[in-house]
Amino acid sequence: MRLFPAFFQMDDAHVVIFGAGTNAERKTRLVAKTPARISLVTKRRPDWAEPFSDQLTIVTPEHAGQALDTARFTIIASDDEAEVQWAYELARAYGVPINAVDRKELCDFTIPSMLDRGQVVAAVATGGAAPVLAKDIRSKLETLLPERIGSLAALAERWRPAVKAAIDTETRRRHFWEAALRGAVAEAVYAGDDAGAEALMEDALSKFANETAGNETGPVHIVGAGPGDPELLTLKAFRLIQQADVVFHDKLVSKEIMDLVRRDAERVPVGKSKGEHLVPQDGIHELMIAAAEEGKRVVRLKGGDPFIFGRGGEEVEALREAGIEAHVVPGISSALGCAASANIPLTHRDHAQTLTFVTGHAQKGGVPDLDWQGLAKPHQTIVVFMGVGTAPVISEKLQEAGLPGKTPVAVIENGTRANEKRGFGSLDSLSRVIEEKGIRGPALLIIGEVAGLPAEALNRTIEEALA
């Protein structure tokens with residue numbers, strides 16, 4: 001994030017604008033929407049200044065330094081290059097944040113495209129790279145935000161002291177606000193019934209304040225984060241991680257998805273890697289139960305899908321045994337995401353009519369306990385989770401069971417992510433493919449005729465280009 005968004009508090013603020021032309025008029029009109037005092041630095045008063053007389057004072061250039069001495073920020077909107085340079089050097093000497101119109105290299109800050117709904121202001125910025133794009137985004141936001149959403153924010157401001165006095169903890173207060181500002185109170189404001197909204201707010205606060213915090217225990221949502229690409233996150237998963245008070249997350253959950261978690265939520269890493277359990281499984285159960293019993297909104301965020309080699313079933317059982325309601329939100333399995341990213345159809349009418357998911361993880365090392373004869377049957381696809389460490393024995397056992405050594409294989413690490421690695425080869429060269437591609441895992445092994453289809457398609461393209 002190269003731009004850090006912030007909003008200036010404009011009560012009792014003083015803003016200095018340099019210039020008298022069209023750009024200066026536009027910036028004056030914008031700043032005049034706030035309660036700030038405006039000093040316009042120019043040699044003579046422009047004709048367009050009259051409507052802003054209550055806020056605007058004309059300052060001659062020789063007194064510009066005195067004006068800058070109390071300025072919150074300055075806007076250089078002059079059309080004269082020499083004046084721009086003079087104003088820039090003067091403002092810099094006074095240490096005042098600078099915006100120079102159409103001079104990105106001189107700017108300490110840029111003025112975004114703004115959507116004004118009274119108490120609610122939305123701003124979109126591109127750092128001066130594409131102002132038209134920022135305006136297009138603002139236009140889309142205008143269609144999404146109700147016209148009276150500023151009135152709803154004003155109601156919340158009026159009630160904030162009463163809510164703080166009536167509800168004892170920050171977590172419970174936030175739960176109250178989420179319910180109030182998304183329910184009947186909000187609908188009354190949007191309908192223009194301000195008196196009705198006030199009555200509904202009073203009733204909602206009274207009922208919520210009299211509830212016992214212990215009655216809010218649970219539920220816990222066990223959420224699949226998918227293979228890593230944030231655009232593959234489900235809408236429900238996104239909503240839940242935005243509402244969560246605490247998120248217990250695995251190592252397999254990508255940074256891009258963790259960046260979508262509500263900013264002030266507690267984030268607790270409980271991930272596991274080969275030979276290292278940051279938090280034992282029983283410990284994860286205890287953490288989730290304790291957080292739910294405190295009345296927190298709990299999300300257990302897991303890579304892929306919670307119910308495909310994700311131990312989600314164990315977590316649901318533990319929560320329900322503790323009397324806590326548990327819900328599962330499916331995620332796109334890494335098997336599906338990685339295969340799609342590599343253009344491998346896991347089933348295909350001509351090549352694979354059966355699809356089998358297995359784990360390559362062996363308890364206490366050694367040979368995975370799998371039905372090797374069943375896996376070696378023709379016309380099927382085998383997807384092996386966590387199979388990099390046991391790839392040599394998987395290759396050996398499948399060949400011993402009758403699967404040809406030339407059977408195509410694909411190995412995919414970090415599928416769907418920017419750092420994805422892919423390796424293609426045959427079953428008898430599986431270990432070499434993993435070594436040559438520098439794949440360390442966790443990774444997915446795809447074994448079967450379909451794993452060779454991307455290579456075949458590439459070869460056909462090359463042959464057609466050469467023909």
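Hi everyone, let me start with one pair of residues: I382 has I447 in β19 as its bridge partner. Strands here are DSSP runs of E of at least two residues, helices are runs of H or I of at least four, and both are numbered from the N terminus. Before I go on, this is a predicted model, where local features need pLDDT of at least 70 and side-chain atom pairs count only at pLDDT 80 or more, while totals for chains, interfaces and linings use all residues. Residues are numbered from 1 along each chain as its sequence is written, and side-chain values use heavy atoms, leaving out hydrogens and water.

Back to β19. Its pairing with β16 is antiparallel, over four bridges, and its pairing with β17 is antiparallel too, over five bridges; to count as paired, two strands need at least two DSSP bridges between them. On the β17 side, V409 stands opposite I447.

How many of the residues of β19 are buried? Five of its five, where buried means under 20% relative accessible area with a 1.4 Å probe, protein chains only. A443, L445 and I447 point one way, and L444 and I446 the other. In a regular strand, side chains alternate between the two faces of the sheet.

That leads to the largest nonpolar core, which has 24 residues; I382, I394, L398, V411, I434 and I447 touch the most other members. By nonpolar core I mean a set of buried Ala, Val, Leu, Ile, Met, Phe, Trp, Tyr and Cys residues joined through side-chain atoms within 4.5 Å. Elements supplying at least two residues each include β16 (380–385), β17 (408–413) and β19 (443–447), but the largest share, four residues, comes from α15. If you pick I434 and skip its neighbours within four places in sequence, its contacts, meaning heavy atoms within 4.5 Å, are V388, A391, V411, I439 and L445. Another core, of 19 residues, lies apart from this one, with V31, I38, L40 and A49 among its members.

Finally, for the pocket people: the largest pocket has a volume of about 2,000 Å³, taken as the space filled by probe spheres set on grid points joined across faces, edges and corners. A pocket is an open set of points on a 1 Å grid over the protein atoms alone, where a 1.4 Å probe fits, with protein on both sides within 12 Å along at least five of seven lines; lining residues have an atom within 4 Å of a point. There are 50 lining residues, and L30, T110, I111, P112 and M114 lie nearest the centre. Which element gives the largest share of that lining? That is α1, with six residues.

Key: Buried < 20%, exposed > 50% of the residue type's maximum accessible area, 1.4 Å probe, protein only.
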